[in-house]
Amino acid sequence: MGMCNEKLVGFLNNRWLVFVAAIWVQSCAGVGYLFGSISPVIKTNLSYSQRQIARLGVAKDLGDSVGTLAGTLLEILPFWATLLVGAISNFVGYGWIWLIVTGRAPVLPLWAMCVLVFVGTNGETYFNTVSLVSCVQNFPKSRGPVVGILKGFAGLSGAILTQIYAIMHSPDSADLIFMIAVGPALVAIGLMFFIKPVAGHRQVRQSDAMSFTTVYGVCLLLAAYLMGVMLVEDLVTLSSTVIAIFTAVMFVILLIPFLIPVASTLSSETTTYAEQEALLQPLHRQEPATSEADGNEVILSEVEDEKSEVEDSVPASERQKRIAQLQAKLLQAAAEGAVRVQRRKGPRRGEDFTLGQALIKADFWLIFLSHLLGSGTGLTVIDNLGQMSESLGYDNTHIFVSLISIWNFLGRVGGGYLSEIAVRDYAYPRPIAMAIAQLLMIFGHLFIGMGWPGAMYIGTLITGLGYGAHWAIVPATASELFGLKKFAALYNFITLSTPMGSLIFSGLITSSIYDKEAEKQALNHLSKLQSSNGPLKCVGTICFSLTCMIMAVFCAIAGILSLVLVHRTRGVYYNLYGKSRSSTLCVN
């Protein structure tokens, strides 16, 4: 009996159980990615113009990204309570919108609708913050894969929720809003006691690599399956029974990762905590020395961060010997008064920063601006996908929302995996993967803007992959350069760049160009889809071509900023990963 209780306690505190529960929460947390599906019904039922829809989109992006309150509450409340606040926010916001759209509640002014959209979508920040912070703390040595997988499932949630909505077989798209209000809230409440830090760095096992491989396999299987199902449902009229079977298989695939914590608990494999502790806390071992009040501490200001390539080529043992000799000489010179000792002001890159300390660093603002331009243009495509596909003559806009959700998912998972290879195998800065993603997005915007037959499929593929990669690479990069201690505050501040980008590209540029072209077509009687009392609609490639060209240019600028960040942080990443890699090679 005692053995069973011990196994049960071990299972409930297994870091893989936390990870799987976080995956399930993230699988329905990305409600903002369904805005492209619900915006047409809001636009029609409330007779909104494209500019008004764009303002709702900006409110949605703000709600999706302003996680300052979530990060603050997480430092005060338990993890489960923070998730509960997010569930309530999601339910109240989108539940009220559903009542208004279906005529069950009076229509509110546009500003009040923006508030409701903000409140409803802001619940996602609570889900994201709790999931990311708990899992990054539980898997400190695998930040890239963990962040990529979690953010990937958040991106895939649009396709998952759309497939669940297909079971309802309802011609009224307003029912999708109801499902968005209820579904994520119920899942978060059901799993809120399982997602928490459980001293995961003490649970490192040799089988962890195989477990991650299994999760990656589930990711690829689920993405391929959903893409196939969406295409079949778009091309063939299926019965409700077949759709229900497709959805049931999807749930079975989502349940596969649950076998990992079960197998881990039943296994007799021992952990490698000692090795993990040595890698996790190199700074804590230095704290006694740095806290000495002897006043003789010599700080080599960012010497380790700014080493030349020639110095990096020196063998690790020889390099450490040279550094020790240099420190000895400086200590002697300082004692004799030949040099003035410069005390370090604040942490160095790779150590723990507060938000205030990070805000005065150029690297932090390079991340922020690059993310603003890259993710801002990608989110503009996602928010306006319904109108983009309608303007090009596609009847079923849900297929593109689902497809870009899948590409978004693969971009997040792939971005985390490939960037981890760059840093682990080559000690190369992680932002190089972000630069590649942003340069690829240029072609995605150009394909959408050209409006060629079938180009919409290719454009959404490339844009979804590039946009998704941002959400795996940026959080991991921020944690590496500025530490884990205040990761929630740092992460939520960086995500503010996304609504800022959306405000610029969607709220100002896209909506203005669209409404201007729609007014021209209404005046010239070029569109057969216009109605005298309905909202203005634009038809043809002219609606979004100029917008896509502008966004392509800004993606190029984002790529340049990321390359500058790569150049500045090469020494940092060598210190983080290159030394351990060199030591491993020497041992081998």
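Helices here are DSSP runs of at least four residues, numbered from the N terminus. In this predicted model, helix 1 spans residues 2-12 and includes Leu12. Leu12 also takes part in a nonpolar surface patch of about 460 Å², which is made together with Leu8, Trp80, Phe193 and Phe194. Leu12 counts as partly exposed because its relative accessible area is 35%, a value that lies between the limits of 20% for buried and 50% for exposed.

Away from the surface, the largest nonpolar core holds 145 residues, of which Phe19, Ile42, Leu56, Ile97, Ile149, Ile177 and Leu222 touch the most other members. When neighbours within four places in sequence are left aside, Leu56 is in contact with Phe35, Ile42, Tyr48, Leu110, Met113, Cys114 and Val117.

The count of salt bridges comes to 9, and three of the pairs are set out below.

| Salt bridge | Closest N to O distance |
|---|---|
| Asp208 and Arg15 | 2.5 Å |
| Lys60 and Asp61 | 2.6 Å |
| Glu351 and Arg348 | 3.8 Å |

The pair of Asp208 and Arg15 links distant parts of the chain, since Asp208 belongs to helix 10 (residues 208-235) and Arg15 to helix 2 (residues 15-26), 193 residues apart. Both Asp208 and Arg15 are buried, and both Lys60 and Asp61 are buried. In the remaining pair of the table, Glu351 counts as buried because its relative accessibility is 13%, whereas Arg348, at 21%, counts as partly exposed. Elsewhere, Glu420, Arg424, Arg430 and Glu480 are joined into one network by salt bridges that share partners.

Conventions:
Residues numbered from 1 in each chain as written. Predicted model: local features only at pLDDT ≥ 70, side-chain atom pairs only at ≥ 80, totals over all residues. Heavy atoms only, no water. Patch = residues over 30% accessible without salt bridge, like charges linked within 9 Å, V, L, I, M, F, W, Y side chains within 5 Å. Areas by Shrake-Rupley, 256 points an atom, 1.4 Å probe, with all protein chains shown as cover. Salt bridge = Lys/Arg side-chain N within 4 Å of Asp/Glu carboxyl O. Helix = DSSP H or I, 4+ residues; strand = E, 2+ residues; numbered from the N terminus. Buried < 20%, exposed > 50% of the residue type's maximum accessible area, 1.4 Å probe, protein only. Core = buried A, V, L, I, M, F, W, Y, C linked by side-chain atoms within 4.5 Å. Contact = heavy atoms within 4.5 Å.
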